[in-house]
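Visitor: I would like a close look at a single part of this model, taken slowly enough for a first-year student. Please show me one helix and what surrounds it.

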Amino acid sequence: MYLTRRISYVLCNSPAFRQLQHSPIVTNSASKRCTSLEKQGIRSVLIEIRNCNAISIRTYAKGKDKKKEKGKSKVVVNENQINDLVNVETLKGQMEKAVIQMEEDFVKQLSLRSTTGAIESLPINLDGKEHKLQELAQIIRKNPKTIVINFVMFPQAIPAVLKALSKSGMNLNPQQDGTSLFIPIPKVTKEHREQLAKNAKQLFVKCKDSVRDVQMKNVKQIKKKDKVSEDLVRSVEQQIVVIADQFIAQAESVLHRKQVELLGDK
């Protein structure tokens, strides 16, 4: 006995549905039809029999094939192959230098309590040249709450120093008295911690940009080389990107630890 056909579907372009629409369906063949539909890429099929005279078929669009994404080959770094076009040790050394510089900046600029060491190494732009503050003035910790900077030798540097201190992110409010600056050491507040955490992120971005600059510089160099196959150039370029990603991940890990320290997170 044939059943009255009532077919509802979403994936209307499927050949299986066209076939199903123009042929009678009997109950004992329903499961075979379902299997056939699933083999053609339909993720799920719902068959509902109502009053023994209707079959309702509903299909759902198939999602992205995640297996294909997972199946993408990973780039394996072959240093011998890279060395054919660029010096791997030099490449890594330049990238590592950027990470080390970031770590040093963290120590100098992101202390919860301002230290004389952080102030001594503060870069000052004077007459077109960059100097460390300790080269221009005498820095003394007068007491646990005050730092004094004496500019007897270079009083003309005071405006540049005030500008550098305001941009340092150390939350300092220096008071000038003649050729001296008196700097009260600020209390550690929540706002101060959050500002230092933002400064840490800025230093990380600077480090990341430096690593990418090394990456791009070396990629440009290998593309200019003569008598080198495109496949080799492409392969080495991908490997250089992987190396850069590794150093950036290392820097990001350092950033995370520093921000946890600054914000007081457990």
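Guide: In this predicted model, helix H5 meets helix H9 through a set of side-by-side residues that can be named one by one: Leu 91, Lys 92, Met 95, Glu 96, Val 99, Met 102, Glu 103 and Phe 106 belong to H5, while Ile 240, Ile 243, Ala 244, Phe 247, Gln 250, Ala 251, Val 254, Leu 255 and Lys 258 belong to H9. Sorted by class, the residues of this contact are twelve nonpolar, one polar and four charged. H5 covers residues 88–109 and H9 covers residues 230–263, and their axes, which come within 10 Å, cross at roughly 10 degrees. An angle under 35 degrees counts as roughly parallel, and H5 and H9 are therefore roughly parallel to each other.

H5 also takes part in the lining of two pockets, and here it helps to recall a general idea: rolling a probe the size of a water molecule over the atoms shows where empty space is left. The second largest pocket has a volume of about 180 Å³, and among its 13 lining residues, Lys 97, Ala 98, Gln 101, Met 102 and Ser 210 lie nearest its centre. Met 102 is thus a residue to look at twice, since it is listed both in the contact with H9 and near the centre of this pocket. H5 gives the most to this lining, with eight residues, and helix H8 likewise supplies at least two. The classes in this lining are six nonpolar, three polar and four charged residues.

The largest pocket, with a volume of about 660 Å³, is lined by 24 residues, and those nearest its centre are Gln 109, Leu 122, Pro 123, Glu 130 and Lys 206. H5 supplies at least two residues to this lining as well, and so does each of strand S3 (123–126), strand S4 (129–132), helix H7 (158–167) and helix H8 (190–223). By class, this lining holds eight nonpolar, nine polar and seven charged residues.

From H7 the eye can be led onward, to the strands beside that helix. H7 lies across S7 and strand S8 (180–184), and runs at about 15 degrees to S8. Both strands belong to an open sheet of four strands, paired antiparallel in the order S5-S6-S8-S7. Strand S5 (138–143) and strand S7 (175–177) are at the edges with a single partner strand each, so one side of each has no neighbour in the sheet.

Conventions:
Residues numbered from 1 in each chain as written. Predicted model: local features only at pLDDT ≥ 70, side-chain atom pairs only at ≥ 80, totals over all residues. Heavy atoms only, no water. Axes fitted to C-alpha atoms, helices over the stretch in contact; angles between N-to-C directions. Parallel < 35°, antiparallel > 145°, perpendicular 65-115°, else oblique. Contact = heavy atoms within 4.5 Å. Nonpolar A, V, L, I, M, F, W, Y, C, P; charged D, E, K, R; others polar. 1 Å grid on protein atoms, 1.4 Å probe; cavity = no way out; pocket = protein on both sides within 12 Å on 5 of 7 lines; lining within 4 Å. Points joined across faces, edges and corners; volume = space filled by probe spheres on them. Pairing = 2+ DSSP bridges.
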